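The following exercises examine one strand and its surroundings, then aromatic pairs and salt bridges. Each task is followed by a solution in steps.

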Amino acid sequence: MFPASLRAAEPSSVGGAALDQVLGLSVGAAVVTAVLVYVAWAHRTHRIEWFQRLGDALHARTGEPGWASIPALFVASSLVVALLGFLWDVSLHAGRGRDEGPLANPAHYLILYGLFALFVAGMSAVVFPRDGQRPGIASVRITRRWYAPVAGIFIAACGFYALIGFPLDDVWHRLFGQDVTLWGPTHLMLIGGAGLSTAGIILLHREAEFSEEWERSADNHSARTLHKLTLSMAFGGLLIGLSVFQAEFDFGIAQFRMVFAPLMIAAAAALTLVAARLYAGPGAALFAAFFFVIVRGVVSFIVGDVFGQANHVFPLYLGSALLVELLALSRLKERPLVFGAVGGLLIGTVGSVIEKFWNDAVFQFPWPRDIWLESLLTVVPVAVGAGLCGALFAVGLDGRLPVNRWVGRSIVVGSILVTSLAVANGLNATVPDDAQVRFTVQQVGTEDEPEVMVQATTTEGLVDAHPTWVQITAWQGGGAGVVTQQLRRTGPDSWETTSPVPIGGSWKTLLRVQDGRMLTAAPIFLPADEALGAEEVPAEAEMTRDFVPEITILQRERELDTSPWLWGVANLVVLVCSLAILAGISVAVARVSGAIAREGRRRREALESGPGGGDGVDEGSGAGRA
């Protein structure tokens, strides 16, 4: 239908990276690692002092010891860079498809820097204390005279977990082809490690408050003000990290059922905002939400307007933050776990309604009545569980975890199970048998930039009166190549475009239908792909196409006929690593909480036994919280 000059250029490989790029990355990582190991060794053996002086300078400025202030500086910078790189990477894949290799994608350099700096942040907390210094009251003994803050170990683990996602991603591509989706298992490792590291920074701040260096700076008002500001920003960073999981919805190219959108928004809001308000005090939830909006807004502007890539929007969370702040005016704040459960309930219901108004105004596709009931049944229990976990995090930071350890364990395990069931429900999608769509295509573009108007008639009764969406998606056309359009219904089984959609070149243009659990698609135009051995699927004036699973088109590069046991084992490895990280934050919070509780008892006993022994004790938390 179109001349050969408009066909796609020779495609890149669908397997792993070229060996020269693998070798280059390996050598680069080895050199950087060797330099960092030398710096750590030289610092601990007093062969260099500049690292100690850096920590002392930051301590004078922030009031926090170097083993806390240096990692905070690293994490703040690394996460901003990684966030920019990640969202730029998503936009590049949406606009131009798969990479020619990890070194051919400029966004990967930002991601690699951010994740490596995250690992360095954790390790700096681990190696900074020397000469037998015990950082904080929850430190972990590594050798006879080497102690490290438990939060620093957790941050380093998050960085390592995220970093190994890169080589595992290459292995994944070699085994299963390229999964051009944010929700690839190894991609989730990159996101999860970076996102959870902010919880580690909050925990590290708390450890710093129970150190000799912090006590010596107790009268430094500016340092404490900066500490409070940094803490609130850390909660905003946690909200940013948890919100990245839904980035495909932000770009309007979600490859999963719409029910996931309100689910992920409510879960991130409930966990973060409840914890922020309970621990950081009045206004902290709103500050975290505003911080989220500002950072995501700046990154969206840079990716879309400065870099010229696909535009994206994001949720606000402001309504949920206001609900949490208002709830804190009640007496429920004195019962944190009840506060968390009620806060999660409010966010899952009222907060979701508020987000729906924003979503329907700025996102590509509204939340239709087709998902309302299912969303209510899944979002509410997940939000309640997330709110309980947020409250548990807050009371852990205050040294007030439930005396019965099984209460906390049951909340964490129960929330993971409820969330897992909700995710499994969302992934449960069906494809109709023997369903087809008849297209009438009218050319309206130019020879250089072909565009078409489309009329589509589906199998009778395939789509009900209120589907989630009937849309045309065209993506990977080069540059900011993403076009999505909700079709206008013209009859019980017929729809039409309201504006032209692109085809030809490297565009992948398809009709997508989601109705209840049905998630299916039919191709309108697909380019030839020599690397896949796939022929062109041309657009014709009149054509009939079968409905197929969306993944066979959107993730055309995937190897869908691989061994089921190999696929299962690979996913199991990622699952085990992910559960280990969740267990890590749970253990770290429990350790810090227990140490704070013991310190609170010690200070109370000192106060009772003589004057001056209880300076700074907060009877409400029993921990002397700053």
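**Exercise 1. Determine how many residues of β10 are buried, and describe its two faces.**

Step 1. Eight of the eight residues of β10 are buried, so the strand is mostly covered, where buried means under 20% relative accessible area, exposed over 50% and partly exposed in between (1.4 Å probe, protein chains only). Strands (E, at least two residues) and helices (H or I, at least four) are DSSP runs numbered from the N terminus.

Step 2. In a regular strand, side chains alternate between the two faces of the sheet. On one side of β10 lie K508, L510, R512 and Q514, and on the other T509, L511, V513 and D515; both faces are covered.

Step 3. The model is a predicted one, in which local features require pLDDT of at least 70 and side-chain atom pairs count only at pLDDT 80 or more, while totals for chains, interfaces and linings use all residues. Residues are numbered from 1 along each chain as its sequence is written, and side-chain values use heavy atoms, with hydrogens and water left out.

**Exercise 2. Place β10 within its sheet and identify the bridge partners of A474 and L511.**

Step 1. Strand β5 (residues 469-475) pairs with β10 in the antiparallel sense over seven bridges; two strands pair if DSSP finds at least two bridges between them. The bridge partner of A474 in β10 is T509.

Step 2. Strand β11 (residues 518-525) is likewise antiparallel to β10, over seven bridges, and the partner of L511 in β11 is A522. The hairpin of β10 and β11 has two residues between the strands, and G516 there takes a positive phi near 65 degrees.

Step 3. The open sheet has five strands in the order β6-β5-β10-β11-β13, with antiparallel pairing. Its edge strands are β6 (482-486) and β13 (548-549), each of which pairs on one side only.

**Exercise 3. Characterise the surroundings of R512.**

Step 1. R512 is located in strand β10 (residues 508-515) and is buried, at 1% relative accessibility.

Step 2. Leaving aside residues up to four places away in sequence, R512 touches several residues, including I253, A254, W469, T520, E550 and L554; contact means heavy atoms within 4.5 Å.

Step 3. A polar atom of the R512 side chain lies 2.5 Å from the backbone oxygen of A254. The side chains of R512 and E550 meet in a salt bridge (2.7 Å, N to O), a salt bridge being a side-chain nitrogen of Lys or Arg within 4 Å of a carboxyl oxygen of Asp or Glu. Since R512 lies in strand β10 and E550 in the loop between β13 and α17 (551-554), this pair ties together parts that are 38 residues apart in sequence. E550 is buried too, with a relative accessible area of 4%.

**Exercise 4. Compare the salt bridges R206–E209 and D250–R296.**

Step 1. In the salt bridge of R206 with E209, the closest N and O atoms are 2.4 Å apart. R206 is buried at 0% relative accessibility, and E209 is buried at 4%.

Step 2. For D250 and R296, the closest N and O atoms are 3.0 Å apart. D250 belongs to helix α10 (residues 247-250) and R296 to helix α12 (residues 284-306), so the bridge ties together parts that are 46 residues apart in sequence. D250 is buried at 2% and R296 at 1%.

Step 3. The structure holds 14 salt bridges.

**Exercise 5. Classify the aromatic pairs Y38–W41 and F176–W567 by their plane angles.**

Step 1. Rings of Phe, Tyr and Trp (its six-membered ring) pair if their centres lie within 6.5 Å; planes under 30 degrees apart count as stacked, over 60 as edge-to-face and the rest as tilted. A search of the whole structure finds 14 aromatic pairs.

Step 2. The rings of Y38 and W41 have centres 5.9 Å apart and planes at 45 degrees, so this pair is tilted. Y38 is partly exposed at 48% relative accessible area, as is W41 at 43%.

Step 3. F176 and W567 form an edge-to-face pair, 5.1 Å centre to centre with 85 degrees between the planes. This pair links helix α6 (residues 165-176), which holds F176, with helix α18 (residues 564-609), which holds W567, 391 residues apart. F176 is buried at 0%, whereas W567 is partly exposed at 30%.

Note on methods:
A polar contact is a pair of N or O atoms within 3.5 Å; within protein, one must be able to donate a hydrogen and the other to accept it, and residues adjacent in sequence count only if both atoms are side-chain atoms.
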